[in-house]
Structures are given as structure tokens and as C-alpha cells.
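Got the structure open in your viewer? Here is a short tour, one selection at a time.

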Amino acid sequence: MSNLAREFGFMLRSRSALMALALLAICASAAVALGLASVARDRAAIDRMIAGQATEERALAAFVKDAGSGAYYGFQPTWDAPSDLAFAALGSRDIAPAMLRVRALALEAQIYENEAANPELALPGRFDLAFVVIYLAPLVLIALLHDLWSGEREAGRYHALAAMPGANRRLWSARVLVRLGGVLAALLLPFAVGALIAGTAPLRALGFAGLIGLVALLWTAIILIVARRGSRSAVHAASLAAIWFALTLVAPAGANLAINAAVPVPDGAALARENREYVHAGWDRPRDQTMRDFLKLYPQLAPGAAIPPTFHWKWYFAFQHLGDRHVAQQSQAYRDGIARRAELARAAGWLLPPAGLAQAMTALARTDIAAQLDYQMRIRAYHQRLREFFYDYLFSEKPFGPDDLADVPRFDPAIDS
Amino acid sequence: MSNPVLVIDQLVVERGGRRIVDGLSLTLAGGEIYALLGGNGAGKSTTLFAILGFLARSGGGLTIGGQDPATAIEAVRAQIAYLPENVALYDHLTARENVDYLLKIADCRRSRAEIEAAFLSVGLAAPAWEQRAGSFSKGMRQKTAIALAMLRDTPLLLLDEPTSGLDPAASADFHALLETLAARGVAVLMVTHDLLGAADTADRIGLISGGRIASEWSAQTSEPRFDLNALHDGFARVR
Amino acid sequence: MNRALTIAGAELRLMLRSRLALVGIATLLLLSAIAAVTSATQMAAAAEMRAEAQAATDAQFKAQPDRHPHRMVHYGTYALRPVGPLAAFDPGVDAFTGTLLFLEGHRQNSATFGAARESSDLVRFGQLTPAFVLQTLAPLLLVFLGFASIARERERGSLRALAAYGAGAWSILVGKALALGVAAALAMAPAFAALGWAAVQQPGEAGIAALTALSYGGYLLVWVLVITAVSALAASAQGALVTLIAAWAIVVVLVPRAAAAWVGVAEPLPSRVDTEFAIAADLRRIGDSHNPNDPHFAAFKAKLLKRYGVTRVEDLPFNYRGVLAQEGERLTSQLFKDYAARAAAIQNAQTETLTTLGIISPALAVRRASMTGAATDLGTHLAFLAAAEAYRYAMVQKLNGLQASAVASADDAARSKDPIADRRTRISADFWKTIPDFDFSAPSPGERAGAMAMPLAVLALWVALAIGLFAFARRRLERAGL
């Protein structure tokens with residue numbers, strides 16, 4: 001213990017070490033604060049949407065005549081609320097929408113909508129605790145530890161120190177522990193405060209703290225292996241910075257390039273057009289055929305499926321849904337392509353620990369691509385409930401009025417999965 | 001004797017508010033070898049740096065070939081060849097490239113033949129010319145640097161601890177080289193700890209203490225050139 | 001100057017003979033070559049795909065059969081944002097915005113399908129493009145190559161030897177900076193070649209390419225000067241390296257992200273749903289076409305009846321429904337335009353703040369100049385959105401006009417109940433061919449050059465600061481007797 005205390009005092013006297021740790025702590029605190037603010041903004045936007053929905057429904061109640069118009073004009077909110085850990089790893093919540101209002105029309109024309117966002121803010125990447133941990137903490141560790149041995153050698157003290165009994169334990173281990181501890185404290189204290197404010201589930205918070213620890217340990221190990229070699233301090237620092245640069249900047253960007261080249265994703269524009277073509281051709285397609293095709297999917301609706309020769313909502317919603325079915329395979333292939341890319345990226349994470357750990361953080365915080373795809377699946381599940389609710393009214397010719405608006409199924413993040 | 005090459009008169013140099021050199025006087029003529037002896041911190045290197053113009057003096061007079069480094073630094077440096085303790089050659093350059101490079105920096109043109117002649121005269125054999133200085137022993141590095149000094153043909157050669165780290169044979173070689181240079185009329189000022197080596201080569205030995213020359217001995221014309229006991233006593237006193 | 005050249009020559013020779021430096025330069029050469037080639041092929045493929053998709057959607061629109069014009073309003077069309085002229089060099093925000101916009105009546109959709117949402121989470125680590133190589137990787141390589149240039153000589157004592165041989169502080173600093181500049185130019189060659197190639201293929205872009213090269217040249221010059229100066233000022237090579245890596249991490253990695261995060265929180269943008277609700281509320285206030293008693297539409301109708309001296313809309317000389325649709329579209333589109341302008345103003349202010357923050361980080365300034373030049377910035381995207389909205393409005397109003405003039409009022413009224421009347425409301429497919437194709441061209445080179453002025457000025461300020469530091473290093477060296 002006294003060894004640790006002595007080395008702690010030693011570190012406190014090094015201005016550059018203190019500055020590096022202070023910078024890290026400031027960055028971590030700022031990242032946590034901005035992360036909390038960003039999550040609060042997301043939450044507030046979702047709350048505004050849910051509150052505003054009441055106004056929209058009051059307006060709809062004024063002119064809704066039947067189930068068809070209720071379905072046509074009735075947008076329903078869906079949302080992907082940030083998790084209690086999202087503040088620490090914001091992930092791709094800035095480029096994928098966290099809110100989407102859908103209606104019972106063809107979903108393929110609705111589900112790809114984007115949130116209003118300034119793309120120039122997304123371009124440089126997120127500034128969150130995960131960024132501070134993955135990018136900045138290793139650099140601070142490198143600054144603190146790269147000259148552990150070479151610095152003493154250059155000052156001519158190395159042999160004198162190494163000759164002391166128990167130098168390994170008393171000196172080097174204590175020195176490494178104190179500096180690693182300083183870095184961990186600079187990261188974990190702001191995180192702990194953030195987790196308390198966000199009310200993160202203890203196990204999840206612990207898991208994230210474990211990932212932070214893993215990043216720090218990994219880099220400490222890399223640094224010590226390099227620092228053990230007998231080169232000059234400057235050579236150690238340069239080699240370590242080069243390793244960091246390769247693992248954190250170049251290799252992930254290269255892997256992204258390779259993965260995107262290896263796994264093609266179907267052209268979204270073609271998918272959207274194909275969906276529109278099929279939906280709009282529905283107006284001109286023989287009506288019987290439309291209804292037959294639709295009843296193959298919903299045989300239980302057959303009893304009420306007769307339609308007049310003029311416009312009827314039954315028919316309209318039938319060809320809307322058939323439009324979705326028409327591109328279902330393409331749409332599945334589109335999702336599969338993205339999922340496959342994400343899967344390969346996770347595999348690459350085993351070779352590129354910084355990328356792997358960053359992905360583990362966003363996965364834990366449920367802010368990764370997988371979480372986005374999951375949200376889309378929940379929208380799809382909800383959309384089905386919504387459609388079928390209206391099919392029931394339309395095909396049984398049950399009257400639908402303003403009072404029935406309250407019975408329209410609501411999106412529920414818990415059950416639509 | 002020719003005109004003095006180096007004239008130092010009551011030189012005062014301060015570093016960080018402390019007087020490191022304090023009233024040092026010394027005159028050195030062409031062909032003379034002067035050894036400046038002293039303990040650590042006595043002001044030996046500071047004196048060299050003042051001569052080179054790396055440090056400004058705060059008092060006294062200092063001229064090299066009649067030029068004052070305070071007013072004509074370029075002209076002063078053009079007259080000095082300087083060998084720092086670790087003989088600052090570039091490890092990644094060969095002996096020839098080092099000489100080429102530093103001659104260019106010194107704005108001094110020499111032919112290939114002249115360079116090779118200089119190498120030979122300092123005892124650097126042909127295979128070493130194209131070897132990188134990184135693989136040289138200190139003796140070979142010094143030979144290269146002396147060759148460079150010969151090529152530049154400066155009237156004054158400044159040496160900082162030239163024999164530290166040399167084995168006795170290399171040290172003897174080196175002193176022989178200095179004598180060759182002195183015979184060509186170069187004034188040599190070396191700063192050293194090596195009392196025996198200095199006694200072997202120098203024409204005069206100055207003992208520096210408290211920033212000034214505390215004692216000075218001149219070589220006798222007959223062996224032994226210096227009274228080693230007196231040197232030892234003097235050296236012991238100032239330590 | 002001769003001495004500076006000699007010193008630069010020796011420093012370059014050192015780089016050539018140092019395995020580490022060679023590996024570094026070779027790696028960057030390779031990376032920037034890979035970036036140039038892959039980025040060029042990717043953007044060329046994207047450009048082709050979008051052009052084909054645009055042609056296909058235009059052809060589909062024209063190939064629609066005889067229809068009621070309002071069905072065409074809902075059928076709509078797509079606008080694809082073309083790839084920027086220099087996007088192969090700097091794709092900018094291209095991946096982070098949707099590229100496909102569905103244009104239909106009554107609604108304003110968002111741009112969908114962007115590359116970033118189709119990629120794995122790795123996309124947030126940065127994209128390997130020539131611009132990324134120049135902005136991010138190149139400065140760090142220069143740090144590795146140059147941190148020791150002067151500090152090393154000081155540690156080994158050769159700095160004093162150089163001085164003793166007559167080399168002054170200025171020639172040493174200039175010589176070292178020159179060597180570093182040559183190494184920089186060499187390693188960046190593929191990236192600049194990519195820029196040059198783009199300029200050759202599009203001669204109209206040559207001026208912009210030159211300005212872009214100028215901004216990167218200035219940016220790298222700042223790094224070369226700062227690295228050399230720090231190497232001269234630091235107490236040791238190690239100190240120089242740690243200082244420079246810290247500076248790089250702050251300027252290139254930390255500040256751009258932190259600035260973006262801060263700007264996003266400080267100047268928040270309303271969500272898409274916020275805007276939809278606000279527009280719906282405004283519409284209910286100024287004119288709700290669903291409400292038969294809506295005062296705005298009641299007044300609109302009364303005015304029309306009065307002007308034509310009739311008492312019933314059926315007696316108007318045109319199909320009232322088409323005119324009503326035009327009035328409804330006019331109201332909603334005005335709101336779309338107003339709200340889009342508000343959102344654009346907020347986003348432009350955010351971006352403006354980022355440009356101003358370029359005073360803290362030249363990486364922000366060079367990125368801004370580069371994206372603006374390449375027409376892959378926010379401004380171009382907003383211009384695309386505005387152009388698409390204008391096109392949508394013109395198309396929809398033209399179709400509504402056709403409903404008013406070419407569809408008989410009585411048929412239109414009866415069509416949902418009478419299949420025969422419904423058939424008569426279908427007008428000739430030839431009308432669809434009269435709708436012009438969507439065409440968007442990026443802001444002209446002149447406009448972009450104008451927009452580059454501010455970031456270029458910030459970069460010029462940085463060059464001046466770097467020269468100041470360089471001069472300070474010279475004074476310090478001279479004071480040390482060099």
C-alpha cells in the first residue's frame with residue numbers, strides 16, 4: 001500500500017501526467033453531460049410526439065367517417081426510446097430515426113423515412129463516453145506508460161532502480177497500477193455519476209464499466225509489451241501511437257470498406273420504386289385478382305370480402321398490403337444485407353479490439369445497428385396489428401366513428417417484438 | 001610566434017544568474033596546443049561555448065583571429081572547427097557523406113581527392129569511407145571529424161573531452177594527430193579530464209577553478225615535459 | 001538558402017535510410033492510393049446507380065397509362081440527389097443523408113436510403129477516402145516523420161556542431177521544414193492525383209480543384225511548420241512527440257466531434273414529427289380542406305363563385321375540385337417551404353458555428369472548405385431538398401391544373417359511385433409526358449468558391465499562427481546561440 005501511495009505522490013508531482021489525466025477526466029465528464037443531454041432531447045421529442053398525438057386524434061375525430069378514413073388519415077406513433085445506458089454510447093441514434101409515425105398503408109413506403117438532422121454533425125462521429133474510452137484513453141495511457149523503463153534508463157537511473165530488491169513489485173507494478181488507476185478513475189467516476197442520473201440498471205452499468213476496464217487493460221498490456229523493449233522513449237511512443245492509429249483509425253475504416261464491398265445490399269431506390277409500382281398498378285389491376293391474392297393471406301376475412309364495382313377501402317388496403325408482400329423478399333434481402341454487414345463487423349471486432357469493444361458498448365447500450373433493425377422489426381409487428389385492427393372493421397363492415405379511435409392499437413415497445 | 005589566434009581577456013560568462021566564468025584570461029597562438037583542465041562545473045565547457053558564441057559573455061574581451069563573436073559570429077565560426085564530446089556525426093550517413101554534408105554547411109568546397117587525402121592523413125582507411133558513421137568506434141568518429149577540421153583548414157580547433165571513452169592506443173593515435181595539426185599551424189584548445197593525455201601532448205596546461213585559470217604550466221623542452229606531481233597536486237587542490 | 005537546401009537534403013536522406021520512415025510513407029502512399037481508387041469506383045458506381053434510377057423513375061412516370069390526374073399526384077415521382085462533382089475526392093455528408101426523395105401531393109417526405117444506415121457500426125470510425133487520408137492520417141504521419149528532426153540533433157549534440165559550422169537557426173528550421181514538406185507532398189500525391197483526375201474529367205471544376213488543393217496545402221503547411229517548431233522548442237524528442245500527438249488528437253479527433261456534439265445540443269433542430277405536428281396545427285388554423293365549414297375554403301369558394309357570377313361550383317367553367325386541390329396544395333406547400341426554411345436556417349447556423357470553431361481546429365476549416373468545394377456539404381443537400389420541393393410543387397400543381405381543365409366536374413363528382421364516370425375522368429397518358437424531368441445541378445463553381453472563402457480565411461489565419469510559432473522557435477534557437 002505504501003508503494004502505491006508513494007507512486008501516487010510521484011505522479012501528482014508530474015505536471016504532464018496530471019494534465020493528461022485532467023484532460024481525460026474533462027473529456028469524459030463533457031461526454032457524459034452531452035450524452036445525457038442528447039438522451040434527454042430524444043426522450044423529450046418522444047414525449048412531445050406522444051402528447052401531440054392527442055391533438056392529432058381530436059382533429060381526426062372531427063372528420064373520420066368510417067374505418068377506411070380512420071386508417072388512411074390515422075398516423076400512429078412508434079418510437080425507440082433510448083436505453084438507460086444510451087447516454088454513454090450514443091451509437092447510431094443520430095443517423096437512424098428514433099420516432100416514426102406509421103399508418104395502415106404500404107409500410108415499405110414509410111419505414112425508410114429519416115429523421116431531420118444536420119448530416120455535418122453526424123459526419124465526424126459521436127462524442128460520447130465510448131469515444132473517450134476507445135480513442136482518447138489509450139492515448140493518455142500511452143503518454144503515461146510508454147517510458148516506464150526507457151525514461152529511467154535515459155535518466156541514467158534504470159540500473160540503480162532495477163538493482164533494488166523487489167523493484168518489480170515495489171516500483172514498476174506500483175507505478176503501472178497507479179497510472180492505470182488514474183485513467184480508470186478519470187473514466188469511471190464521470191460514468192458512475194452519469195449512470196446514477198440516468199438510473200442505469202446496476203448490472204448493465206457494471207457491464208459497461210467492465211468494458212471500460214477491458215479497454216484500459218488491453219492497452220496497458222500492449223503498452224507494456226512495447227515499453228519492455230529496449231528502445232528509446234521516443235521510439236516507444238511513436239510505435240505505440242502507430243499501433244493505436246492502425247487499430248483505431250485505419251483498420252476499422254478499411255474493414256468497413258471491405259465488408260461493404262463483400263456484402264452487397266440491394267438498391268433501396270429500386271425497392272421503393274418496385275413497391276410503388278405494384279401498389280399503384282393496384283388501381284388498374286382486375287379487382288377480383290387483388291382480392292383473391294389478399295384472401296390467400298387472410299382467408300379468415302373471406303366472408304366479408306365482396307366489393308362493389310366502385311371504390312372501397314377494403315380493396316384499397318388490400319392492394320396496399322399486396323404491394324408490401326410483392327417486395328417482401330427484396331426488403332428481407334435489404335435487411336439481411338445490413339445484418340450481414342453488422343455480423344461481419346462484429347467478427348472483425350475480434351481482430352480489431354478497439355472496434356470490437358466499441359461495438360460491444362453500443363450493443364450493451366442498444367444503440368447499434370442491430371438495435372435499429374430490431375426497432376424496424378417492432379414497427380413491422382405493430383404495423384401488422386394496426387392493419388389487422390382496421391381489416392376487422394372493414395371486412396365485417398362494422399361502423400367506425402370518432403369513439404372507436406381510442407381502441408386503435410397503440411405501439412408498445414415491450415410487446416411489438 | 002605568429003599573431004595570437006585566440007585572445008581571452010578577463011572573460012565573464014553568466015548562466016542562470018551565476019558567474020560560471022569569472023575573469024578568465026588566455027592567449028593562444030597558431031601551432032599551440034592548450035589543455036584546459038578542471039573539475040565538473042569549473043567552467044570549461046562554458047568557456048568553449050562562449051568562444052563559439054553559443055553563450056553571450058557579460059564582461060571581458062574575447063576575439064578569435066581578431067573577430068569578436070558578439071559582433072561577427074559568422075566570421076568567428078568560420079575560423080573554428082569544433083568537436084563536441086560525442087563527435088556529432090550523423091549515424092545514417094557514411095564518413096564521406098558526413099564530411100560532404102558538413103563541408104557544405106560550412107560553405108567550404110573541397111575536391112574528392114582532397115577529402116580522400118585528408119582521410120588518409122588521419123589514418124582512416126578506404127573501406128571506412130563508405131561505411132555509415134553509426135558503425136564507427138569513437139576513435140574512427142574522431143578521425144573523421146579531424147579530417148573534416150583539416151579540410152576546413154581553420155586556424156582554431158576546439159575539442160570537448162576528446163579522449164574520454166578512448167582506449168590508450170586510440171588515445172595515443174589521437175594525440176599524434178593533434179600534433180600533426182599543430183605542426184601545420186592550427187591552434188588547438190581542448191577541454192579535458194585526462195591529465196596524463198594532456199601532459200603528453202599539450203604545450204601549455206591551464207587549471208581552471210572558480211571560473212578562472214588558477215594555475216598554468218608550460219611544457220619543458222626536455223622530458224619529462226611536465227612535472228606530473230605538481231599537476232596532480234594542483235588538480236587535487238582545486239577539486 | 002543553400003544551407004537550408006543542404007539540410008533538407010540530409011534530412012530526406014535520413015528518411016530514405018530509416019526503415020520506420022519508409023514504412024510510414026509507404027503505408028500512407030498505399031492507404032491514399034487505396035482510398036483514391038476505392039472512393040473513385042464507389043462514387044462512380046453510386047453516380048451511375050442514381051442516374052439510372054432517376055432515368056428509370058422518369059421513364060416510369062411518362063409510361064403511366066390514362067388516369068385521373070389526382071392518381072398521378074399520389075403516384076408521384078422520385079428525385080435522386082446526384083453525386084457531387086468532386087465526391088470521389090471528398091464524399092462529405094453523402095453517406096449520412098438520404099439520397100432518394102419521394103415527391104407526391106400533400107406530403108413532404110424525407111430523403112431515404114443513405115449509405116451510412118446501410119453499413120455496419122464500423123462506418124462511424126471514418127471512411128477511407130482521399131479527404132480522410134489528408135485531413136486525419138497525413139498530419140499524424142508528418143508528426144512521426146518530423147517530431148525528432150531538430151530535437152534529435154539537439155540530443156546528440158549535432159545541433160551545436162551545425163551551428164559551429166555556420167548554419168543559422170533559420171536555415172536549420174527552413175531546411176527541416178522543407179524536407180518534411182517534400183515527404184508530405186510525396187505521401188499525399190495519390191490523393192492530389194485523385195483531385196487532379198477529377199479536374200481533368202470535369203474541366204469546369206478545375207478552379208474548385210485548385211482551391212481545394214490550396215486549402216489542403218495550407219492545412220498541411222500548418223502541420224509542417226508546427227511540427228518543426230515544436231521539435232525545435234521541445235526539451236527532448238520524446239517531449240516533442242508527446243506534445244504533437246496530443247495536439248493532433250485534440251485538433252483532428254477531439255474537437256470536430258466535441259464541436260458537433262455541442263452544436264447539436266446548443267442549437268437543437270426540431271424533430272420531423274415536431275414539424276409535422278406544427279404544420280398540421282397551422283393548417284387547421286389557416287385552412288382545413290376536410291372541414292366543410294372551414295372559413296378559408298368557404299371564402300375561397302365564395303370569391304370564385306362571385307368572380308364567375310355563378311351560385312354553384314358545378315356551374316363554374318372548370319372543375320372546381322382541381323382548383324380546390326391547387327389551393328390546398330398552395331397552402332400546405334407554403335408551410336412546407338416555411339418550415340423547411342426554418343430547419344435549414346438552424347442547420348446552416350449549426351454549420352456556421354462549426355466553421356467558426358475552425359479557429360480552434362484547422363481540421364474543421366479544411367473539412368468545410370473541402371466539402372463545400374466537392375459539393376458534398378450540407379448546403380448542397382439543402383439546395384437539393386429545396387429544388388426537389390420546388391419541382392414537387394410545380395408537378396403537383398400542373399396535375400391539379402389538368403384536373404381542373406381536363407376532367408369534367410360532373411364526372412369527377414360521380415366517379416367514386418359511377419364506374420363509367422370514373423372511366424371518363426381518366427385523361428390521356430400524353431399529359432404525363434409534358435411534365436419535365438427532375439434535374440438538379442450542384443451550386444455552380446463560382447458559388448462554391450464564394451462559400452469556400454470563409455474556411456480559407458480561417459486556414460490563412462492558421463498559417464499565419466504557424467508562421468508565428470515558427471518565428472518564435474527561430475528566436476528561441478537564436479537566443480540559445482544558434
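A residue is called buried here if 20 or more other C-beta atoms lie within 10 Å of its own. Keep that cut-off in mind for the first stop, and remember throughout that this is a predicted model.

**Stop 1: a covered strand in chain A.** Select residues 99-102 of chain A, which is strand β2. Which residues of β2(A) are buried on each side? On one side you have A:M99 and A:R101, and on the other A:L100 and A:V102; all of these are buried, so by the cut-off above both faces of the strand are covered. In a regular strand the side chains alternate between the two faces of the sheet. Now add residues 76-79 of chain A, strand β1, which runs antiparallel to β2(A) and is joined to it by four bridges. To line the two strands up by eye, find A:P77, which stands opposite A:R101.

**Stop 2: the sheet in chain B.** Move to chain B and pick out an open sheet of three strands, in the order β2-β1-β4 with antiparallel pairing. The edge strands are β2 (18-29) and β4 (59-64), each pairing on one side only. From one strand to the next, the twist averages 20°. Zoom in on β1(B), residues 4-15: five bridges tie this strand to β4(B) in the antiparallel sense. One spot to click is B:D9, whose bridge partner in β4(B) is B:G61.

Next, select residues 44-52 of chain B. This is helix α1, which lies across β1, β2 and β4 of chain B and runs at about 70° to β2(B).

While you're here, try colouring by confidence. Chain B has a mean pLDDT of 87, with 98% of its residues at 70 or more. Where in chain B is confidence highest, and where is it lowest? The high end is β4(B), at a mean of 93, and the low end is helix α9 (residues 228-238), at 81.

**Stop 3: a bent helix in chain C.** Select residues 130-146 of chain C to see helix α4, which bends by about 40° at C:L137. Look within the next four residues and you'll find a proline, C:P139. As for its surroundings, α4(C) is mostly covered, with 17 of its 17 residues buried.

**Stop 4: where chain C meets chain A.** Show both chains together. The contact takes 81 residues from chain C and 83 from chain A. On the chain C side, helix α9 (residues 237-266) gives the most, with 17 residues. Colour that side by class and you should get 46 nonpolar, 24 polar and 11 charged residues.

Methods
Residues are numbered from 1 along each chain as its sequence is written. Chains are lettered from A and ligands numbered from 1 in the order in which they are written. This is a predicted model: local features need pLDDT of at least 70, side-chain atom pairs count only at pLDDT 80 or more; totals for chains, interfaces and linings use all residues. Two strands pair if DSSP finds at least two bridges between them. Axes are lines fitted to C-alpha atoms, for helices over the stretch in contact, and angles run from 0 to 180 degrees between N-to-C directions. Two residues are in contact if their C-beta atoms, placed from the backbone, lie within 7 Å. Ala, Val, Leu, Ile, Met, Phe, Trp, Tyr, Cys and Pro count as nonpolar, Asp, Glu, Lys and Arg as charged, and the others, Gly among them, as polar. A residue is buried if 20 or more other C-beta atoms lie within 10 Å of its own, exposed if 12 or fewer, and partly exposed in between; C-beta atoms are placed from the backbone. The bend at a residue is the angle between axes fitted to the seven residues ending there and the seven starting there. pLDDT is the predictor's confidence in each residue, from 0 to 100.
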